[in-house]
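Take a look at the sequence and the 3D view below. This short report walks through the contacts, one group at a time.

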Amino acid sequence: MKLSEFLVLPMDEKRFTVLKEGVPIAQRLLDQQMVFLFQLPSFYVETYCSQQTKAIEEYRAYYKPEHLRPYLDAIRIEE
């Protein structure tokens, strides 16, 4: 799946795609949200989840590595 195809999916299909095709890479905490980073074959997806309800509130998808900066300390890269 291409990034452009993912962006136009309805929310429920984005959830299915991320959980089926995505590999969880890292997570981080914001004020009221937990953010999970997933790697798909040709792009990355962040899921913004409510800390209270655990529901996914937003998806952000990108392909540029510079968006990984908030996760660099949490991502384990083995030799």
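## A partly exposed arginine

This is a predicted model. Start with R60. At 39% relative accessibility, R60 counts as partly exposed. The cut-offs explain the label, because buried means under 20% and exposed means over 50%.

R60 takes part in a salt bridge with E58, at 2.9 Å from N to O. E58 is also partly exposed, with 30% relative accessibility. The charged end of R60 sits over the ring of Y48 as well, 4.3 Å from the ring centre.

## Two salt bridges

How many salt bridges does the structure hold? The count is two. Side chains of opposite charge can pair when their charged atoms come close.

Besides the pair of E58 and R60, there is a salt bridge between R28 and E46. Here the closest N and O atoms are 3.0 Å apart. R28 lies in strand 1, residues 23–29, and E46 lies in strand 3, so this pair ties together parts that are 18 residues apart in sequence. The two side chains are also joined by a polar contact of 3.0 Å.

## E46 and T47 in strand 3

Is E46 buried or exposed? E46 is buried, with a relative accessible area of 4%. Its place is in strand 3. Leaving aside residues up to four places away in sequence, E46 touches R28, V35, F36, L37, E58, Y59, R60, Y62 and Y71. So this glutamate is buried, and the list of its contacts includes both R28 and R60.

T47 also lies in strand 3. T47 counts as buried, at 3% relative accessibility. With the same residues left aside, T47 touches V18, M34, V35, F36, F38, I56, E58 and Y59. The C-alpha atoms of T47 and R60 are separated by 6.7 Å, and the two residues are 13 apart along the chain.

## The nonpolar cores

In soluble globular proteins, nonpolar side chains tend to be buried together. Which residues make up the largest nonpolar core here? There are nine: L3, F6, L9, V18, F38, L40, F43, V45 and Y59. Apart from this core lies another, of eight residues. Among its members are V35, Y48, Y62 and L68.

F43 belongs to the largest core. What does F43 touch? Not counting residues up to four places away in sequence, its contacts are M1, K2, L3, F6, F38, A61, Y62 and Y63. Of these, L3, F6 and F38 are listed in the largest core, while Y62 is listed in the other one.

## Aromatic rings

The structure holds three aromatic pairs. One of them joins F6 and Y59. This pair is edge-to-face, with 6.3 Å from centre to centre and 80° between the planes. F6 lies in helix 1 and Y59 in strand 4, so the pair ties together parts that are 53 residues apart in sequence.

Both partners are buried. F6 has a relative accessible area of 1% and so counts as buried. Y59 is buried too, at 13%. F6, F43 and Y59 form one aromatic cluster, and these residues also appear in the largest nonpolar core. F6 has a charged neighbour as well: K14 lies over the face of its ring, at 5.7 Å from the ring centre.

## Two exposed loop residues

Now turn to the loops. Where does V8 lie? V8 is in the loop between helix 1 (3–7) and helix 2 (11–21). Although valine is on the list of residue types that can join a nonpolar core, V8 is exposed, with a relative accessible area of 67%. A core takes in buried residues, so an exposed one does not qualify. V8 and A61 are 53 residues apart in sequence and 11 Å apart in space, C-alpha to C-alpha.

K54 has its place in the loop between strand 3 (44–50) and strand 4 (56–62). K54 is exposed, with a relative accessible area of 56%. Its phi is near 70°, a positive value in a residue other than glycine.

Methods. Residues numbered from 1 in each chain as written. Heavy atoms only, no water. Core = buried A, V, L, I, M, F, W, Y, C linked by side-chain atoms within 4.5 Å. Buried < 20%, exposed > 50% of the residue type's maximum accessible area, 1.4 Å probe, protein only. Contact = heavy atoms within 4.5 Å. Helix = DSSP H or I, 4+ residues; strand = E, 2+ residues; numbered from the N terminus. Salt bridge = Lys/Arg side-chain N within 4 Å of Asp/Glu carboxyl O. Phe/Tyr/Trp six-rings, centres within 6.5 Å; stacked < 30°, edge-to-face > 60°. Lys NZ or Arg CZ within 6 Å of the ring centre and 35° of its normal. Polar contact = N/O pair within 3.5 Å; in protein donor to acceptor, adjacent residues only side chain to side chain.
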